[in-house]
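Grab your viewer and work through a few short exercises on helix packing. Each one has a task and then a solution in steps.

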Amino acid sequence: MTAGRRPARLVTLQGDYAGAASRFLAYALDVAVSTAIYTLAVAGVSFVIDTVTRHAITWTTGSGIITSVVFAAWEFFYFGYSWAASGKTFGMAVLGIRVVRADGAPADAWRGVLRALVFPLSFLLFGLGFLGILVQREHRALHDLIAGTAVIYAWDARAARLRFLARAAETGQPPTTAPRQRSGAR
Amino acid sequence: MDPLGRLRSAGRRVTDPMEALAQQVAERVVGLVATALDVNALVARVDMNQLLSRVDLNALLARIDLNALLARVDMDEVLRHVDVDAIVDRIDVNEVAERLDMDELVEHTDLGAIIARSSGGMATEALDAARSQAVGLDQFIDRWTGRLLRRRHPGPAGPPGLAGNPAGS
């Protein structure tokens, strides 16, 4: 054990702006999960209607607009409710990120709803609204700027590193690829 | 027979009593002077700093057997007089904790085993790995974006007052 230095490993990622990869992966996971839930729900409703009325329902023929509207409403509910209630969706929880106010305070419920409402705007013009995540210093997309929000890391990289080292020490393997942490400069 | 023998004998008869008398006089005088002298006043007039500056303390200490000196000290008695609480109050424990190398601590003590047994299982391990890979990608993308945009200074790490502080999860 050594003392007398202030190692960077004491620094946790908590509170730092989340990067593009984490946000994209979280979004991809959310789309997969929300679509799976929607599909299961539609299948369940179809099964119930089929069982009760003895008439099979086909959702695509002549009802494409309706299903699109229902799906859009479901997506809005999925994201809006998650952001308003806890500041994070399922995918964001998995990736350890969350939505906060631009000044770092917990996001108000109405900001979560507003963020979900303006989220589609970032898809316009070939997704130019998302460019802010890459080039903006605070990694804020168009919908973040409108809703006054930012996305930060909410997981403790330091604790994860210690868990990794503990597991390596327990199994007797050398710790070669401990979880990454923020170093002094980014 | 020594012709000077009688002369020497006569001389000794005179000088021996004189020498004894001189010794008595000297002792009497020193005693009188010592009684009359105010030693404290004399010491007060001595420039101790100047005196000490002429003393080679290193040479003095080199001649002292500190082990023998310490062997004569009753450390338990000394420590009994020490107010440990007062000393601990003056120590910034957080500062001390920050200087600890936690990696070394976890790797080389039973603390690692305790953490490994108490913290999650495969799910936590997978989550840690996925998150750390994503952060690695984030930092890679950040680096290249910074190079492409020729940024000289990195942006703020996080929102004001939140970067580096727990954000809750």
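**Warm-up: the chain as a whole**

Buried residues make up 37% of the 186 residues in chain A, where buried means 20 or more other C-beta atoms, placed from the backbone, within 10 Å of the residue's own. Mind that this is a predicted model, with local features needing pLDDT of at least 70, side-chain atom pairs counting only at pLDDT 80 or more, and totals for chains, interfaces and linings using all residues. Residues are numbered from 1 along each chain as its sequence is written, with chains lettered from A and ligands numbered from 1 in the order in which they are written.

**Exercise 1.** Work out which pattern of helices and strands chain A follows along the sequence.

*Step 1.* Take DSSP runs numbered from the N terminus: H or I of at least four residues for helices, E of at least two for strands.

*Step 2.* Count them: chain A has eight helices and two strands.

*Step 3.* Read them off in order, and you get α-α-α-β-α-α-α-α-β-α.

**Exercise 2.** Compare the reach of helix α1 of chain A with its expected span.

*Step 1.* α1(A) covers residues 20-53, which is 34 residues.

*Step 2.* The expected span is 1.5 Å times one less than the number of residues, giving 50 Å here.

*Step 3.* From first C-alpha to last, α1(A) reaches 48 Å, close to that value.

*Step 4.* Just after the helix, R54(A) takes a positive phi of about 60°.

**Exercise 3.** Find out how α1(A) packs against α11(B).

*Step 1.* Fit lines to the C-alpha atoms over the stretch in contact, and take angles from 0 to 180 degrees between N-to-C directions. The axes are 6 Å apart, at an angle of about 130°.

*Step 2.* Classify: under 35 degrees is roughly parallel, over 145 roughly antiparallel, 65 to 115 roughly perpendicular and the rest oblique. α1(A) and α11(B) are therefore oblique to each other.

*Step 3.* List the contacts (C-beta atoms within 7 Å). A20(A), A21(A), S22(A) and L25(A) meet A134(B), V135(B), L137(B), D138(B) and I141(B).

**Exercise 4.** Do the same for α2(A) and α4(A).

*Step 1.* The axes come within 7 Å and cross at roughly 155°.

*Step 2.* That makes α2(A) roughly antiparallel to α4(A).

*Step 3.* On the α2(A) side, the contact residues are F76(A), F79(A), G80(A), W83(A) and A84(A); facing them in α4(A) are A109(A), G112(A), V113(A), R115(A) and A116(A).

Definitions and conventions:
Contact = placed C-beta atoms within 7 Å. Buried ≥ 20, exposed ≤ 12 C-beta atoms within 10 Å, placed from the backbone.
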